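Student: Got a minute to go through this one with me? I'd like to start with a helix and then look at a pocket.

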Amino acid sequence: MANELTIPSRGEALRAHLDSGGALAAVFPYHPPRALLRAHGLLPVEVWGPPGRSTAAGDAHLQPYTCSLVRAGLAFLLDGGLERAQAILVPHGCDSLQGLGSVLLDFVKPAMPVLTCYMPRGERDLDRAFLADELRELAARLAEITGHRPGDGELVEAIEREERADAALGELLARRPELALGERDFYRLVRSREYLPAEAFAALATRALALPPAEGARPARTPLVLSGLVPEPMALLDALEAAGATVAGDDLACSGRRRYRPTRGADAYARMSEGMLSGPPDSTRGSSVQARLDHLRGLARGSGARGVVFLTLKFCEPELYYLPQLRDGLAADGVRALDLEVDLAEALPAPVVNRLEAFVETLR
Amino acid sequence: MSLLGALTYHANVSLLGHAALRLDRWRTERKLGRMPTAGPHLGPPLATSGWLKELISRHYLAGRHANRVRKVAWVTSGAPIEHLKALGYYLLYPENHGAVCGIRRWGERQCQAAEDAGYSRDLCSYARTDFGTVLSGKTPVGRLPRPDLLLCCNNICQTVLYWYQVLAHHFRVPLVLIDTPFLYAEARPYMLAHVRRQIDAAVEAAERVAGRSLAPARLEGVMRLSHEAIGLWLKIMQTGRHRPAPILAFDEFIHMAPIVEMRGDESTVAYYRALLAELEERARRGVGALQVEKKRLLWDNLPIWYRLRPLAEALASRGVALVASTYTNAWGELVELIDPARPLDSMARAYLHPILNRGTGHKLATMARMLEEYHADGVLLHSDRSCKPYSIGQMDQQRRLAGELGKPALLLDADHNDPRAYAEAQAANRLQAFLEVLGV
């Protein structure tokens, strides 16, 4: 079925964009101001690792107890992987990303400008006001870099384009059970949001949603909620599928936690700020344990899942802190939890697959 | 507050506790007075140490009974607390309590208790120590009071926010956040305004929980005491510029407790006045913290609490004085940002600017300045597995220190509170090789 839906790879999409005269910004997790970058003529291309690569170059700057997402990202940059980017944006999402941004600015000093953006750790009115100011500050830097200062109309157009793509992402996640896509193909589609222009992603998602269901009933699968930052290594999804399970509820930082709500209002910066802080509860934005727990309960209830897989990266504090209380809270509802710890630089370990298989078995 | 509660508190803290601690101080001072040196290679012990012990013990004794008579707030070490003091809260600093556990070798068992409950060993060892204490109910200080309010300021790390969210869920009490934008460069006015607005909100939340309003004159009074204590603390550290240094950073790690957890108290000001007088007298008489001072080093990052004494003695045996640290300096360097007459604005400015809320380049510049001011020959950089914001950047800082500044710098792998992450023999070998480079 995936063959009928051509999902451009990251490399293909970027080459096509550059060949057509477009420019790129390399963007680290978690909540990039996509509309602002696009309005300045930069396509945000997210850097989640990439996985499965040596972190050696990054290890000269970052201690081994820094999470592999950040070490891999720095190694990728130092190995020339981001050389086509016109700028690098490191949003402030945790201590490791903070350190990365600071080390890039103060010591590594890559050829392209390094930008930062502080994500407030709350959803109060004052947080929204602060983020709007932070985005204005970022816009001034982007204007210096690109030589383009978008007007209000351009900003609003970019915001609405991104909101249509966000809505399409939400639709994909909500209608997951109807889609005749395997686990890996589904996440290839969802994660193309990380590098495709918003309008291209929205069109691709629309095509996917319009595809007819698979011939014959899809074999009954055990629904699960998948929580964590990013579904890497992707082999995990193959293992999950082989075990007869499906991700029915998405609580991933790269996808489900970015189901931003549409916004209104005359001030483009206030709209962008409101949108970026409107996603589901997320520890990287300082959400409470209770809010995270309620959200996970809702995902489990809504999808019929009786199990949650917490896929954590080693040393990822935003994810690790809440785990015991989330597990206890879910257990009180009869929802089981499985913790799987992975390192982006390494292949999926066999014991992880074994534990996943055993967990799925217990849910049947 | 019940009458019985008040009576119990005053009997235990103000009468019996006070008398017992005063007696213990008198005994300690007598003992210290009879000790010509603090160790085989160390100079005479600080006479004021007995007073410090009394202060800290009294603080935890008051905490033990605080729930009977006062509202209690648990606060992060970098949080603005002057409004809480002015509202009469008892303040508990889980990080300081963690340090007490570390020094008394309770760190490992508390961390283990947290790990047994499912908390990852990769989390900050202060947080694990705190979770272990909360879950086990055991602490070397007797008992910790239950919080009525949690105040978290992430100007030292983001870790504290997750940590306090866990505490808020456990205790089911309000958590007030003061979210300080990280300063990659200079602070912008909107950042300052953001912090100021949050301090206003924090004051309102504290008033609600306390059930009373903040008196401006009282706040200004507390701010004056804070300001004075911070100024004294800075002067205390600056006595380390003398040769020989009358105080070591190892001493400062212990004597910094009041500036962190008793800032805004009159007793802290009185104590620091006495300590400063003692150090000035030592400097005047040429009495050093070491018997022989050959080389001088700067320390970066948190201490290794469970190895303070052995490290101090190992360095002392080679004539190496640890004359300053970026960690203790952080509690004094912002004194000029505080204007007691404008307490809330001052709080916003000062608490936005700690070294841990500023970039890696700023820390390098701070180290370069301190190396010069303290006439130091090199740097010990504690690569602290439990403190990423302090540690990330050290690998580049080490190269710059050694290269551009010509100052040898050693990256020492450890963890501030979890001894399981510290390899003694490996550390000793690396330290020995480093000291050979220094020529001692």
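Student: OK, what covers the buried residues of α19(B)?

Tutor: Keep in mind that this is a predicted model. The cover includes the strands β5 (295-300), β6 (320-325), β7 (378-384) and β8 (409-414), along with helix α13 (308-316), in chain B.

Student: And which residues in α19(B) are buried?

Tutor: Ala427(B), Leu431(B), Phe434(B), Leu435(B) and Leu438(B). Looking down the axis of α19(B), these buried residues fall within an arc of 100 degrees, so they line one face of the helix.

Student: What's exposed on the face turned away from that buried side?

Tutor: There you find Ala425(B), Gln426(B), Asn429(B), Glu436(B) and Val437(B).

Student: How many residues does α19(B) have, and how far does it reach?

Tutor: It has 15 residues, 424-438, and spans 21 Å from first C-alpha to last, close to the 21 Å expected at 1.5 Å a residue. Just after α19(B), Gly439(B) takes a positive phi of about 90 degrees.

Student: Switching to pockets: what's the volume of the second largest one?

Tutor: About 680 Å³. Its lining has 32 residues, and the closest to the centre are Arg10(A), Gly11(A), Leu14(A), Val45(A) and Glu46(A).

Student: Which element gives the largest share of that lining?

Tutor: α1(A), with five residues. The elements giving two or more are α1 (10-19), β1 (23-27), β2 (42-46) and α8 (183-191) of chain A.

Student: And how does the lining of that pocket split by class?

Tutor: It has 18 nonpolar, five polar and nine charged residues.

Key:
Residues numbered from 1 in each chain as written. Chains lettered and ligands numbered in written order. Predicted model: local features only at pLDDT ≥ 70, side-chain atom pairs only at ≥ 80, totals over all residues. Heavy atoms only, no water. Helix = DSSP H or I, 4+ residues; strand = E, 2+ residues; numbered from the N terminus. Expected span 1.5 Å × (residues − 1). Buried < 20%, exposed > 50% of the residue type's maximum accessible area, 1.4 Å probe, protein only. Arc of directions from axis to C-beta. Contact = heavy atoms within 4.5 Å. 1 Å grid on protein atoms, 1.4 Å probe; cavity = no way out; pocket = protein on both sides within 12 Å on 5 of 7 lines; lining within 4 Å. Points joined across faces, edges and corners; volume = space filled by probe spheres on them. Nonpolar A, V, L, I, M, F, W, Y, C, P; charged D, E, K, R; others polar.
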